Amino acid sequence: MIFSVGGRSANTAATAGHVAAALWNPHATKLLRLKEIWVYKTVGTADNHRLSKITTRGTPGSTVTPDADNCWSPNKIAPPSGALLDLAAYSVQPTVESPGLANANLPGTVGSGFIWTFDSPYYVEPGTGISVNTPQAVILQASDFTFIWEERETWEPR
């Protein structure tokens with residue numbers, strides 16, 4: 001089944017590695033297959049983005065808990081993994097793995113954005129997450145984030 005969840009972040013601190021948004025997989029055994037991440041700016045200031053795995057959740061400023069309404073199937077269910085969308089500003093940062101998986105930047109234009117699309121599967125393992133954070137010591141401006149992922153009972157090797 002496919003799920004999506006979105007929310008608006010706050011500005012991060014001007015420190016490298018500060019997380020603006022993260023999809024956290026709290027489940028002990030279930031994998032999330034990441035499909036897309038959407039990032040769209042809400043302010044007119046240029047900033048940079050890095051996609052990184054996180055190995056601890058940290059303490060987010062806010063959390064969105066997906067429910068059955070976030071399921072794309074006609075047979076609506078809540079995500080079996082219990083996946084969560086965490087948003088900045090974090091009072092305790094997650095542990096960000098280095099190096100990052102991808103970098104991007106956006107101009108100082110409200111509404112500018114991008115979509116990371118994963119044709120080959122990127123799996124968010126149990127007890128880990130995927131984050132959008134600052135690659136350099138600059139503020140990642142408040143933005144709208146959407147994470148789209150798939151969950152199944154079992155995954156066949158590709």
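A salt bridge is a side-chain nitrogen of Lys or Arg within 4 Å of a carboxyl oxygen of Asp or Glu. This is a predicted model: local features need pLDDT of at least 70, side-chain atom pairs count only at pLDDT 80 or more, and totals for chains, interfaces and linings use all residues. Residues are numbered from 1 along each chain as its sequence is written, and side-chain values use heavy atoms, with hydrogens and water left out.

**Exercise 1.** Describe the salt bridge between Asp-47 and Lys-41, and state whether each partner is buried or exposed.

*Solution.*
1. The N to O distance is 3.1 Å.
2. Buried means under 20% relative accessible area, exposed over 50%, partly exposed in between (1.4 Å probe, protein chains only).
3. Asp-47 has 3% relative accessibility, so Asp-47 is buried.
4. Lys-41 also counts as buried, at 3%.

**Exercise 2.** Place the Asp-144 and Arg-8 salt bridge in the chain.

*Solution.*
1. Their side chains meet at 2.7 Å, N to O.
2. Strands (E, at least two residues) are DSSP runs, numbered from the N terminus.
3. Asp-144 sits in strand S11 (residues 143–150) and Arg-8 in strand S1 (residues 2–8).
4. The partners are 136 residues apart, so distant parts of the chain are linked.
5. Asp-144 is partly exposed at 28%; Arg-8 is exposed at 51%.

**Exercise 3.** Analyse the salt bridge of Arg-33 with Glu-150.

*Solution.*
1. The closest N and O atoms are 3.3 Å apart.
2. Arg-33 lies in strand S3 (residues 32–41) and Glu-150 in strand S11, so the pair ties together parts 117 residues apart in sequence.
3. Both residues, Arg-33 and Glu-150, are buried.

Terms used:
Helix = DSSP H or I, 4+ residues; strand = E, 2+ residues; numbered from the N terminus.
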